[in-house]
Amino acid sequence: MTVFCLLAFSAFANDLTVDRNRIQVNDLITITLSLEGTFAPSDEPMIPVNNLAIVGEPSVSSEFTWINGQVTRRKVYRYRARPLASGAARVGPLVLNASDGQRETLRAIAIEVIPDRASGSNDPEVVLRELVASGREPLFVIAEINKTNAYVGEPVTVTWWLYNAAVVQQWQIATVPKLVEFWVEEQQRNETPERVYVGDVMVQRVPVRRVVLFPLQSGHLIIGGVTVQASVLRRRSSGPFGIFAGELIESSFTSASLGLDVKAIPEGGALDAVGDLSLACASPLQKNAGPVVLRITLSGLGNLRAASPPRFEEKVAGTVQVEGGEVTVVRDEGAFAMSRQWRYLIFPERSGLLDLPPLSMRIFDPASGTRRELRCGTSFVNAVTAQAPEAALPAVTPSSRPLPWPLIIGAIALVFAALVFVPRLLRELKLRRDVQEIVRGATPAEIRARIEERVSIDLRESSERGDAMRALRSLLDAAERDRDIAVDGEQEIARRVRDVLESARK
């Protein structure tokens, strides 16, 4: 929003303020930065904050005043910020650098962030009671976990629910926990709200995030909260038209953290996977005298992305290659499972009956807390000798290697881009140098003389060239009469000099 003021004007001053110096963890504060004159930049300033997070983009307003031929401008930035944790917080200090070389430092502002009793629990009744008692909006997030004790690598499901008994215009997830101590698998969620009772109050709830976590280390691990920010309509009256009257306020809530006790897997040798898993083995097949193909599928509740393929218990009469390892994940609401498939390619040493020994792998089952062995039995196939790809393909010589077409095409594209854009860049750089040589440290009369030395344009000429030259001469004449060219005026002169040079080169 821009406001033009032609009335009496009092001097502005650079200022950094906050609307409150004491807030709760789930409150939002407004940070206001006022900049005047040459301190008002065209780019958004970055305000340093500690134990706070800036939410969204700031709102910006500009004010211009005109008094006795002097223009003064002012910009006001308003930021919204939320606390990260209880304790001390700070806004600033902010160092300002003006376009004319001035420098000013705005002092830091101390803020006290007090704990929020409502955000310390994942019991919906407790949270709702605290919010209502403190006169805050009944909108909050609750975290649920399906178990509080697990082994390393055991899947744990966490769901964050948004409870709402307010008139919400819009909402969004502001932050999510980093979960660096877990392997995370996101689940699909049904975002259709459902109505539930919290105590004797009916509210809506919807899952905002659901993940399956696989702990990567033992110990007491913390699962951080999810922060939801919303625009809530607060009603001013309870009459029949109360639903149409009110004020829109910003609300923020962070769910309480969850604790998970993770136990190390008991000693007993290396493992190939962790989870409630099963192994399925298809019958071996051979087609067109090719390799014998044996498909193995590992499936169940576990992190199979880190699983190792099963191993033959005895030597195979042929060359073995393992391919595949693709992972399929079931992410339906309320269900989670993984499957991974490998393809064993066996190139028999001789034709005849091929005996494939058993395949096995060792897993840890968290449900029983024991190690198990998954096994595929012996299988047989009447095979024909097949040669492995390494022996069947001829040696690749430098002359027979395929051309690296992607590299060639990329090189051609780079050359084409250089031919197109480099000349334009050189012309732009030369134009900027010419403009600087003409206007740098020069008076209006000197600028007029320098431009006339470089170009010859008749002021009476009816063309784009003539328009550019007449606009420049008009501005130079006005600046020469005033004997004082402001910063904005110098920039405008440079722009019009550029227009003249560009039009003269066309």
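## A loop-and-sheet tour

Let's start in a loop: Leu179 sits between strands β15 (167–175) and β16 (182–186). Helices and strands here are DSSP runs, numbered from the N terminus (helices are H or I with at least four residues, strands are E with at least two). This is a predicted model, where local features need pLDDT of at least 70 and side-chain atom pairs count only at pLDDT 80 or more, while totals for chains, interfaces and linings use all residues. Residues are numbered from 1 along each chain as its sequence is written, and side-chain values use heavy atoms, with hydrogens and water left out.

Is Leu179 buried or exposed? Leu179 counts as buried because its relative accessibility is 8%; buried means under 20% relative accessible area, exposed means over 50%, and partly exposed is in between (1.4 Å probe, protein chains only). Asn288 sits in another loop, between β24 (285–286) and β25 (292–302). Asn288 has 80% relative accessibility, so it counts as exposed. Leu179 has a positive phi despite not being glycine, and so does Asn288. Gly135 has a positive phi too. Here are the values:

| Residue | Phi | Where |
|---|---|---|
| Leu179 | near 55° | loop between β15 and β16 |
| Asn288 | near 50° | loop between β24 and β25 |
| Gly135 | about 75° | just after α1 |

**Helix α1**

Helix α1 covers residues 124–133, and its buried residues are Pro124, Val127, Leu128, Glu130 and Leu131. Those residues are on the same side of α1 because they cover an arc of only 165° around the axis (the arc is that of the directions from the helix axis to the C-beta atoms). Arg129, Val132 and Ala133 are exposed on the other side of α1. At the start of α1, the backbone nitrogen of Glu125 has a side-chain oxygen of Asp123 within 3.1 Å.

**Two open sheets**

Strands of a sheet pair through backbone hydrogen bonds, either parallel or antiparallel. For two strands to count as paired here, DSSP must find at least two bridges between them.

One open sheet has 4 strands in the order β3-β11-β8-β5, with mixed pairing. Its edge strands, β3 (22–24) and β5 (49–50), each pair on one side only. β5 runs antiparallel to β8 (residues 87–91), and 2 bridges join them. Which residue of β8 stands opposite Val49? That would be Val91. A cis peptide bond joins Gly92 and Pro93, with omega about 0°. Pro93 belongs to the loop between β8 and β9 (94–97).

Another open sheet has 3 strands, ordered β13-β22-β19, and its pairing is mixed as well. At its edges, β13 (149–151) and β19 (219–223) each pair on one side only. From one strand to the next, the twist averages 35° (axes are lines fitted to C-alpha atoms, and angles run from 0 to 180 degrees between N-to-C directions). β13 pairs with β22 (residues 258–263) in the parallel sense over 3 bridges. Tyr151 has Lys263 in β22 as its bridge partner.

**The whole chain**

Zooming out, the protein chain has 6 helices and 32 strands. Of its 506 residues, 39% are buried. Among contacts with a separation of 6 or more, 69% link residues 24 or more positions apart; a contact means heavy atoms within 4.5 Å. The chain exposes about 28,800 Å², and carbon and sulfur atoms supply 52% of it. Accessible areas come from the Shrake-Rupley method with a 1.4 Å probe.

Conventions: Polar contact = N/O pair within 3.5 Å; in protein donor to acceptor, adjacent residues only side chain to side chain.
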